[in-house]
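Colleague: Hi, have you got a minute to walk me through this one? I'd like to hear about the packing, the backbone and the charges.

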Amino acid sequence: MSNQDVIVLNVGGFKFTTRLSTLQKFPESRLAKMLNGNDPEFKLLNGQYFVDRDGVLFGYILDSLRTLQLALPSDFSDYKRLQREADFYELYSVADLLHQENLLKPKPEILEIRFLLQEMQGFFRIFGSCSITIDELADRITTFAENFVGMSWKSHHVPSQKSLSPLSLERPSHHDLVFQCGIIYSDQSVARYVSIKPDKRKLFNGANVLGLLIDILLKDGFRLLSSRTVSAEEKVECYCFERMRSPEVFTINITQSKRATTMQPSKQIQMNRSK
């Protein structure tokens, strides 16, 4: 890479080093055309292009050029100012997207667990306002069944890995899932186990599964809003959680025309922010 391929910009006192090809991603933009020296807003001083604009906001502009995506922090609030900067640099795809501020703001996400403990069985139903979270949670939950004879549940502590059969979770809709655990007594007794990643244990006690599920949700950024008994007669417990879901990452169409943009949201898995 030659020195001519590297450009240094001083934007309001903040220095940025980038490739010439990055600034030329949008050939019709002001940044792409600044090298011809005809734009009075850009001054070449000591080998650096100086422009008297907001340097902090330019960091987001440059990131969108490098990645062709607009991904803002969850606590970002200067949408109007950033839109103004995008307009100044004549990056109309970015400016038009910022104009639709509601698409870019974090949104509250609700998750509800309904738990019924009946004799030696625990029944779970999980409702979520975001189907992506429910899909990701379903991928993390695995249920197993084991048939056993001549054993009581008290002596049945550790499942035999060879005799475990994985079971499918029930999915009544895209926004909820159903599963159960515990001991089912019939002609042939069956033990149902639940495993929730990243925890490697297989649990059949409903209270233990509930505790693990709540702990995982809290680690994934949810907070407990409320807990209540839905049906005192059947002892159905309801736990309601909330978290702020990060906005989608939007891909910017590089073949822009003035004031025309095509937006395509990129899928994000939000269940575990630490991944």
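Modeller: Sure, here is a tour that starts with the core and ends with the salt bridges. Keep in mind that this is a predicted model.

Colleague: Good to know. Which residues touch the most other members of the largest nonpolar core?

Modeller: Those are Leu31, Phe58, Tyr89 and Leu98, in a core of 33 residues. At least two residues each come from strand 1 (6-11), helix 1 (20-23), strand 4 (48-51), helix 3 (55-67), helix 4 (79-88), helix 5 (92-99) and strand 15 (249-252). Helix 3 gives the largest share, with five residues.

Colleague: What does Phe58 touch?

Modeller: Leaving out residues up to four places away in sequence, Phe58 touches Leu9, Val11, Phe16, Leu31 and Tyr89. There is also another core, lying apart from that one, with 25 residues that include Ile134, Phe179, Leu213 and Leu217.

Colleague: Let's stay with helix 3 for a moment. Is Ser64 buried or exposed?

Modeller: Ser64, which sits in helix 3, counts as buried because its relative accessibility is 1%, and the cut-off for buried is under 20%. The Ser64 side chain reaches the backbone oxygen of Ile61 at 2.6 Å. Beyond the residues up to four places away in sequence, Ser64 touches Gln69, Val94 and Ile252.

Colleague: And over in strand 6, which residues is Leu111 in contact with?

Modeller: Setting aside neighbours within four places in sequence, Leu111 is in contact with Ile126, Phe127, Gly128, Ile134, Leu217, Phe222, Tyr239, Cys240 and Phe241. Leu111 belongs to strand 6 and is buried, with a relative accessible area of 0%. The C-alpha atoms of Leu111 and Cys130 are 8.3 Å apart, with their positions 19 residues apart along the chain.

Colleague: Switching to strands: in which sense do strand 1 and strand 4 pair, parallel or antiparallel?

Modeller: Strand 1 and strand 4 run parallel, over three bridges, and Val11 stands opposite Val51 there. Strand 4 also pairs with strand 3 (residues 43-45), in the antiparallel sense and again over three bridges. In that pairing, Lys43 has Phe50 as its bridge partner.

Colleague: What lies between strand 3 and strand 4?

Modeller: The two strands form a hairpin with two residues between them, and Asn46 in the turn has a positive phi of about 55°.

Colleague: Which other residues have a positive phi without being a glycine?

Modeller: Two to look at are Glu90, with a phi of about 60°, and Glu119, at about 55°. Glu90 lies in the loop between helix 4 and helix 5, while Glu119 lies in the loop between strand 6 (107-118) and strand 7 (121-128). Glu90 is partly exposed, since its relative accessibility is 21%. Glu119 is exposed, because its relative accessible area is 74%.

Colleague: Where is there a cis peptide bond?

Modeller: One joins Lys197 and Pro198, with omega about 10°. Pro198 is in the loop between strand 12 (190-196) and helix 8 (206-219). For background, most residues other than glycine have a negative phi, and most peptide bonds are trans.

Colleague: Last topic, charges. How many salt bridges does a search of the whole structure find?

Modeller: The search finds 15. One of them joins the side chains of Glu109 and Arg243, at 3.1 Å from N to O. That pair links distant parts of the chain, with Glu109 in strand 6 and Arg243 in strand 14 (residues 236-245), 134 residues apart.

Colleague: Is Glu109 buried or exposed?

Modeller: Glu109 counts as buried because its relative accessibility is 1%. Arg243 is buried as well, with a relative accessible area of 4%.

Colleague: Which residue does Asp220 meet in a salt bridge?

Modeller: Its partner is Arg140, at 2.9 Å from N to O. This pair also links distant parts of the chain: Asp220 is in the loop between helix 8 and strand 13 (223-231), Arg140 is in helix 7 (residues 131-140), and they are 80 residues apart. Asp220 is buried at 3% relative accessible area, and Arg140 is buried at 5% relative accessibility. Elsewhere, salt bridges with shared partners join Arg53, Arg84 and Glu85 into one network.

Colleague: Great, thanks for the tour!

Conventions: Residues numbered from 1 in each chain as written. Predicted model: local features only at pLDDT ≥ 70, side-chain atom pairs only at ≥ 80, totals over all residues. Heavy atoms only, no water. Core = buried A, V, L, I, M, F, W, Y, C linked by side-chain atoms within 4.5 Å. Buried < 20%, exposed > 50% of the residue type's maximum accessible area, 1.4 Å probe, protein only. Helix = DSSP H or I, 4+ residues; strand = E, 2+ residues; numbered from the N terminus. Contact = heavy atoms within 4.5 Å. Pairing = 2+ DSSP bridges. Polar contact = N/O pair within 3.5 Å; in protein donor to acceptor, adjacent residues only side chain to side chain. Salt bridge = Lys/Arg side-chain N within 4 Å of Asp/Glu carboxyl O.
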